[in-house]
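Work through the exercises below with the sequence and the model side by side, and try each task before reading its solution.

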Amino acid sequence: MHGHGGYDSDFSDDEQVGESNKRKKRTIEDDLLLKKPFQKEKHGKVAHKQVAAELLDREEARNRRFHLIAMDAYQRHTKFVNDYILYYGGKKEDFRRLGENDKTDMDVIRENHRFLWNEEDEMDMNWEKRLAKKYYDKLFKEYCIADLSRYKENKFGFRWRVEKEVISGKGQFFCGNKCCDKKEDLKSWEVNFGYIEHGEKRNALVKLRLCKECSFKLNFHHRRKEVKSKKRKDKTKKDEESSHKKSRLSSAEETSKKKDKGHSSSKKSESCVNRNSDEEGTSDSELWKGPLPETDEKSQEEEFDDYFQDLFL
């Protein structure tokens, strides 16, 4: 009576399960055959544990990289040292850095700086000398700034001017002594500066602008050469020539007065005077036109004009 009345056989369920398993195997094999090398694996709605772990690792690595980039070199170094001590053990004293041999850019420039660079100095150039040479090229080497604090010992310090000092006029329109800012009675001096640099003795001709007090300090032991402009030199020469001619005329007049007693002597004196007047010519007329030109020092505006004329020539 089996098969009637809604009853099935005992082996019907097993047959259905076997068929479904066969279908699954076929689909898996087909998927493996049709799978491309760059194709990602298919997962269900819930993320697989492996995928979740990879995403977490990727996110942590991104955060760690971001924090490392945000740190500077020293903070990064301390972090690595702390991580090493945390995992492998040890003491922080073993990793402490000694700062005895540390140097800044200014230390390197001080060690390799030169007052004047020659062709021989530029033969073997390392990065330290190149840095000092770049600093030297930015200096203004027309006038110097002087240190006259040890003038009684005949010891002076000179250095070139920086851009700020050139803009403010320090060393040219103000006194060149580093402790003095006077504007009045400035004089230009030319000094032969002898100095020892890197074990070598050198000389350099240096120009200074100093006030009266500071120029006295500069010339305390022996007088230096004063530099004057060409116009002033021409004026002084003309003044000397005019004074010399005046003395000639006065001597000629005195002789003429003495010899006025005799007619013969008066004629001779007149002829001498006429000769002198013919030789001197227009210079006498120019001399007696008015007072002598005054040889006063230039004002600050005139000094500015002369300076800018020299620059644009």
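**Exercise 1.** Find which helix is included in what covers the buried residues of H4.

*Solution.* Begin with helix H4 itself, which spans residues 105–112 in this predicted model. Taking buried to mean under 20% relative accessible area, the residues of H4 to mark are Val 108, Ile 109 and Asn 112. Next, look at how these three are placed around the axis: they cover an arc of only 100°, and therefore lie on the same side of H4. Finally, look for what packs over them, where the cover is found to include helix H5, residues 127–137.

**Exercise 2.** Describe the second largest pocket by its volume, its lining and the elements that contribute to that lining.

*Solution.* The space in the second largest pocket comes to about 330 Å³. Its lining is made up of 16 residues, and those closest to the centre are His 113, Phe 115, Phe 158, Arg 159 and Trp 160. Two or more lining residues come from each of strand S1 (140–147), strand S2 (157–161) and strand S3 (187–197), and S2 gives the most, with 4 residues. Sorted by class, the lining holds 10 nonpolar, 2 polar and 4 charged residues.

**Exercise 3.** Set out how many helices and strands the protein has, and what percentage of its residues count as buried.

*Solution.* Counting the elements gives 11 helices and 5 strands. Of the 313 residues, 21% count as buried. For the surface, the accessible area is about 26,300 Å², and 52% of that area belongs to carbon and sulfur atoms.

Terms used: Residues numbered from 1 in each chain as written. Predicted model: local features only at pLDDT ≥ 70, side-chain atom pairs only at ≥ 80, totals over all residues. Heavy atoms only, no water. 1 Å grid on protein atoms, 1.4 Å probe; cavity = no way out; pocket = protein on both sides within 12 Å on 5 of 7 lines; lining within 4 Å. Points joined across faces, edges and corners; volume = space filled by probe spheres on them. Nonpolar A, V, L, I, M, F, W, Y, C, P; charged D, E, K, R; others polar. Buried < 20%, exposed > 50% of the residue type's maximum accessible area, 1.4 Å probe, protein only. Arc of directions from axis to C-beta. Contact = heavy atoms within 4.5 Å. Areas by Shrake-Rupley, 256 points an atom, 1.4 Å probe, with all protein chains shown as cover.
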